[in-house]
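I sat down with a fresh page and a list of things to look up. Here is what went into the notebook, entry by entry.

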Protein chains: 2
Amino acid sequence: MKHEKAKVKIIPLGGINEIGKNITAIEYKNDIVVIDCGLKFPDDDMYGIDLVIPDVSYLIKNKEKVRGIFLTHGHEDHIGALPYVLKQLNVPVYGTKLTIGIVETKLKEHGLLSSTELIRVKPRDVIKLNSVSVEFIKTNHSIADSVAIAIHTPLGVVLHTGDFKVDFTPIDGVPMDFARFAEIGKKGVLAMMADSTNVERPGYTMSERVVGENLFKLFSKAKGRIIVATFASNIHRIQQILDAARALNKKVAVSGRSMENIVAVAKELGYLECEDDVLVSIDNINKYNNNQVVIITTGSQGEPMSALARMANAEHRKVAIVEGDTVILSATPIPGNEKLVSKVINQLFHKGAEVIYKSLDEVHVSGHACQEELKLMLCLVKPRFFIPVHGEYRHLKQHCELAVSVGVSENNVLIPENGAIIEVNRNGIKKNGNVTAGQVFVDGLGVGDVGNIVLRDRKHLSQDGILTVVVTISREDQKVIAGPDIISRGFVYVRESEGLMDEAKEIVKNVLKECEEKNITDWASLKGRVRDELRNYLYEKTKRKPMILPIIMEI
Amino acid sequence: MKHEKAKVKIIPLGGINEIGKNITAIEYKNDIVVIDCGLKFPDDDMYGIDLVIPDVSYLIKNKEKVRGIFLTHGHEDHIGALPYVLKQLNVPVYGTKLTIGIVETKLKEHGLLSSTELIRVKPRDVIKLNSVSVEFIKTNHSIADSVAIAIHTPLGVVLHTGDFKVDFTPIDGVPMDFARFAEIGKKGVLAMMADSTNVERPGYTMSERVVGENLFKLFSKAKGRIIVATFASNIHRIQQILDAARALNKKVAVSGRSMENIVAVAKELGYLECEDDVLVSIDNINKYNNNQVVIITTGSQGEPMSALARMANAEHRKVAIVEGDTVILSATPIPGNEKLVSKVINQLFHKGAEVIYKSLDEVHVSGHACQEELKLMLCLVKPRFFIPVHGEYRHLKQHCELAVSVGVSENNVLIPENGAIIEVNRNGIKKNGNVTAGQVFVDGLGVGDVGNIVLRDRKHLSQDGILTVVVTISREDQKVIAGPDIISRGFVYVRESEGLMDEAKEIVKNVLKECEEKNITDWASLKGRVRDELRNYLYEKTKRKPMILPIIMEI
C-alpha cells in the first residue's frame, strides 16, 4: 500500500483531561476549522479567578487559515470563551438557531455583536470552505438544537459528536439523525471524536420525557407553591415545566437573570411553546393562590448568589420560602458543588419547604450518553480511528476500551492531550509535536494578568495571612529612624496575641541593630534576614507560616 | 396525670446540622454524662484551619458535675477533640478496648496519656455513677468495637445509638445486640437519639462481608501488584484484605502513617488476626514477585499528602505505580472530596494502573444504617421520644418523618440544635434555653486564636490579594518624607501592570498633598481617604477589590 503523505491534523486546545473549555482545531492544508470555544469554571485552588479560557495562541499565529468557529451547542463549556477569543481573532461563528441566539446575548454584553459575523445553520447544512466542508448533524442533549460536526476532507471524514445522548422520545420530537450517522459511517469515517462524560455508566441515559412525567406527578400532589430549580439552558426541561403547569391550570413565573435571558431568547426563537396566559411576571405571583403558582429559578447548583439560594436565605426580594412550598431541584450537583447544594437543601427544609432532589426522586436525567449509547454511536459511524474527548483521563481511557470492545482496532484508538498535534490519514494516527495550549485566567476585567505567581501568593495568604514589617532607615548612617512596626492580617487575632507580636518586634529590632553595627546597606539581604528570623520564630510559636513582607523606607 | 417536675436534660454540643464534632451532654440532677468528643474537618471557607473542635464552655462551667466522657467508637468525628478538651477538663474516658487503644495513641502524641484516666469497658458493662448508670450495647459499624450507650436515669432510659448499621454477617461474627435493644425497649425507653447519616437511602446497607467477596475476586484476577486504599480505622476491611491475600498466597505490606498506627494497635489488641508470614515490611516488597504483593494504604479520600496520592504522583519513596498494578479504592469520597479523589484516579490511570472504584465495582459499603435498618432500631427500642442526631438538617427532618411512619407520635419527635437544652420526662419534651456551643478553630498550635475576623481577612486576601501603601510623614509639619511606596501580593502580575501601579501611586500622592495642605494630622481619616480612593480606582480599572493596608510612619 502506498503511504499517503497528506494528513489531517487534529489539535485539541482544551477539554481534554478536564471538564470544560472545549475547543478543537481541525487542520487540513490551509484550512483550520475550530469546533467550539468554551470556558471552564475555576478549580478550588484558583483563588479569586472568575473564569478560565483556553490559550488560543496557535489560532492567532495561524489567523489567515482559520475559517471559522463551529459550535455544537450553546452550553458555557462550548461557547463561553467566545467573547474573549473573538477579541483576538475575528472570524465567523457558525451554529444552529438557538445556539447563535444565546451567543448573541453574550456578545451584546461584551459589545461585540456588530463586529462579529454570525451564521445560522440547520442540521444537514454543509458549509463549503476551501479544501474542506463542514456538515451539521442533529443530536440530542440537555440543550435544544445541539449538533455533531462532520468535516469532509479529501482524506476522509472527521466527525466530532459534540455532547450527546440518544433520546428516542425527545421533547422536540426529533431524535438524533441516525440515518445520516449511518450513511457517513457506511461511506467510511476516518476519525471520530466522541463525548466521554458518562462512559463509566452502564446502560442507557433515560429520556428527558421521564422527568416531565415525574414533574407532572409532583405538581399534581403539591398543596402550595412549586419552585423548580434547573439549568437555565435546559429549554426542554423548562418546556416540560410549562406543560405540566398548563395542564394543571397553574401560572409560571421565572426568577434569576440567566433564566430570564434564556427563556426570552428561546421564546422569541420558537424553542419554547407557551400560551401567553401561562407565563406571568414574578411581580404578579401574589395575585394567585399558592397552589396556582410555579416558579422556575436558577440556583440548582447551590450558587450562593443565585435566586434559589437567596430564597432559601430569606434574601430574595420577591419570593420568601414558606411552609407548604414544594421545591424541586431538577439537576444533579456538578462535582465540586455537592456541599453548596446540600447547604441550600438544608436551608429550604429549615424554612418548612418540602424539598425534592435526586436522592429522593427522578427529577433529573443526564444529557450525556451512557455506555450502550456510546456503543450505538460507534457502531453507526464505524470510525477507522477513534479519539475520545470531553472527559478526564479515566473517562478517555475507558472510552478507548469501549471502542475496542465494539470492534475498533486497538492500534487505532488514541488518547489526546491539550496541545498535542494528532496527525491522521488512512494509514495511521499518531501524535507529532505540540502547539501552545493551556489556561488563561479571567479575573475581573483582567484576562491573563493573573498567573501562577499571583495564585501562589493568594494561596499562601489564604492559609496563614500576612505580616508586614515596616521600618524607616537613614540612608547616611543606617540608623533606624522609625519603626519597626508590624501589622498583620489573617494571621492571629491580634488582641489575644500581643505578647507574640511584641516578641516579633524585638526580633526585628535585633536584626536591625546587628545590621547597623555591621554597616550593612544591602537592603535585600537585610530583608532576607528579617524574613528568616521572623519565619522561624513564628513557626516555632504557632506552627504557622504567614507571608512576611519587610518594607524599608529610606530617608 | 400528675406532672413530674424532674427532667433529663439532653444538650448536644456538636454534631447537629453538621457532619462531625459529635458530642452530647446528658444531664440529670448533679450528673453530666458526655457522649463522644469528636472533631470536624474544616469547610472550604475556613481558610488555613486544620481542625474544628466543639466549644465545651458549658462542661467546663459545670466541671464538678461531669462524670466522664463515654465513647461510642474510635472515629475522629467521635474522639478527635479529646486531646484538646481533656486539657481543659480532666475527666475519666470510657470506651471499648479498640476505641481506648486508638485514644491512647492520640493522647500519647499530645503528652496526655499519664494524666488521663482511661477505662476499658465491654458491651453490656454498666457503669454506676451517682444518680444514673451508663450501659454499653454492641452495634455494628465501619470500625470494630462500636457501641450504643444507654443512660439509665430515674426518669427512664436515654439511648444514644452511636453510629451504626445492621450487619447480620459482620466480620467479627457478632451482630448488634438485638436482644438487649429489644429488652430495654420492652421495659420502656424515654428517649432515643439515633444516627441519621443514611436516612435518605431506602432499603438496607449491604454487609461488610460483600466487600470481602468482591476483593477476593479482584485479587484472584489481578496479574500484578494490588494496592488497596481504605480508611485506616476500618479494621474489618483490613482483615478481609489480609484474608484474601492469605488465601491467594500473597504478602501484605502497609503504607501510610495512620494505617501503620492503627494496624499496630489492632494487631496488639487482637482485632486483626494474621499469621506473621503474611504481613511484611514495605521495605521488603521488592523481594517478591509483583503478583505476590498486596499493599494496604491510606489516601482513599485523595488527600494530597497521603501515601496513595504520593504513589500516583511518583513522589512515594518506596512504591511507584507501574503498568500492571491494580489499584482498588475501597471507600466512597466524603462530600467535598470528590475532586481530589478524581484527580488521584486520573493520575493512577495515567501511570498505567488498572483502577477499581465505586462507580465500577462494589468495593465499599457504608457503615451507616439505611431506612429499613433505622426502622428496625426504632421498632426494637420503641422510644417514647425521638431525637435524630448525626446529620444535616435535611437528614434530621427525614429521620423524624421515618420515626413517625413506624409509630412514634408526631408530637414526640424533636429536631435538636447544637447548644439547645432539650428537657424531657414522661410528660413531654421541649427545648428550654440554650448553652454556649459552637466551633473552635485549631490552626497549627493555636486553639481558638483564629476567629471570624481572621478568617474574613484570609478570604479577602485569597480573592484579590493585598496592596500595602507605606509613607513616612513628619510629625511636625505633616510633610511626606519618604514614599508613598506601594507593594502588592496576590493582586496582579506586577511587571505587566506597571502603569496601573504608577497611577495608584499618583492617587495616593494627591491624597497626601491634600491632607498636608489641610493640615490633617488625624492619621485614621487620612488612611481612610487613601483606602477609599485607591479602592475606587482599582475597582474601576480591574473590577477587583484587594485588601488595602495603608501604613504611616511618623518621624
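The entries below go from the chain contact to helix packing, salt bridges and backbone details.

**Ground rules.** I am working with a predicted model, where local features need pLDDT of at least 70 and side-chain atom pairs count only at pLDDT 80 or more, while totals for chains, interfaces and linings use all residues. Residues are numbered from 1 along each chain as its sequence is written, chains are lettered from A and ligands numbered from 1 in the order in which they are written, and side-chain values use heavy atoms, with hydrogens and water left out.

**Entry 1: the interface.** I began with how many residues each chain gives to the contact. Chain A puts in 65 residues and chain B puts in 65 residues, with contact meaning heavy atoms within 4.5 Å. The buried area between the two chains comes to about 5500 Å², and carbon and sulfur atoms give 59% of it. Buried area here is the accessible area (1.4 Å probe) that two parts lose on being put together, summed over both.

Next I looked at polar pairing. Between chain B and chain A there are six salt bridges, each being a side-chain nitrogen of Lys or Arg within 4 Å of a carboxyl oxygen of Asp or Glu. I noted the bridge between B:Arg544 and A:Asp449, at 2.6 Å from N to O. I also found 27 residue pairs in polar contact across the interface, both residues at pLDDT 80 or more. A polar contact is a pair of N or O atoms within 3.5 Å; within protein, one must be able to donate a hydrogen and the other to accept it, and residues adjacent in sequence count only if both atoms are side-chain atoms.

On the side of chain B that touches chain A, the elements giving two or more residues include α10 (338–350), α12 (393–405) and α13 (452–464) of chain B. Of these, α13(B) gives the most, with eight residues. Helices (H or I, at least four residues) and strands (E, at least two) are DSSP runs, numbered from the N terminus.

**Entry 2: a helix pair across the chains.** At what angle do α10(A) and α12(B) pack? The angle is about 45°, and the axes are 8 Å apart. Axes are lines fitted to C-alpha atoms, for helices over the stretch in contact, and angles run from 0 to 180 degrees between N-to-C directions. The two helices are therefore oblique to each other; angles under 35 degrees count as roughly parallel, over 145 as roughly antiparallel, 65 to 115 as roughly perpendicular and the rest as oblique.

**Entry 3: a helix pair within chain A.** I then checked α5 (residues 178–187) and α11 (residues 371–381) of chain A, which pack at about 50° with axes 7 Å apart. Among the residues that meet are A:Phe178 and A:Phe181 from α5(A), and A:Leu376 and A:Met377 from α11(A).

**Entry 4: a salt bridge in chain A.** Over all chains I have 62 salt bridges. One of interest to me joins A:Glu554 and A:Arg475 at 3.2 Å, N to O. A:Glu554 sits in strand β25 and A:Arg475 in the loop between β23 and β24 of chain A, so this pair ties together parts 79 residues apart in sequence.

**Entry 5: backbone.** Most residues other than glycine have a negative phi, and most peptide bonds are trans. The bond from A:Gly483 to A:Pro484 is cis, with omega near 0°, and A:Pro484 is in strand β24 of chain A. In chain B, a cis peptide bond joins B:Gly483 and B:Pro484. Lastly, A:Asn17 has a positive phi, near 60°, in the loop between β1 (8–14) and β2 (23–28) of chain A.
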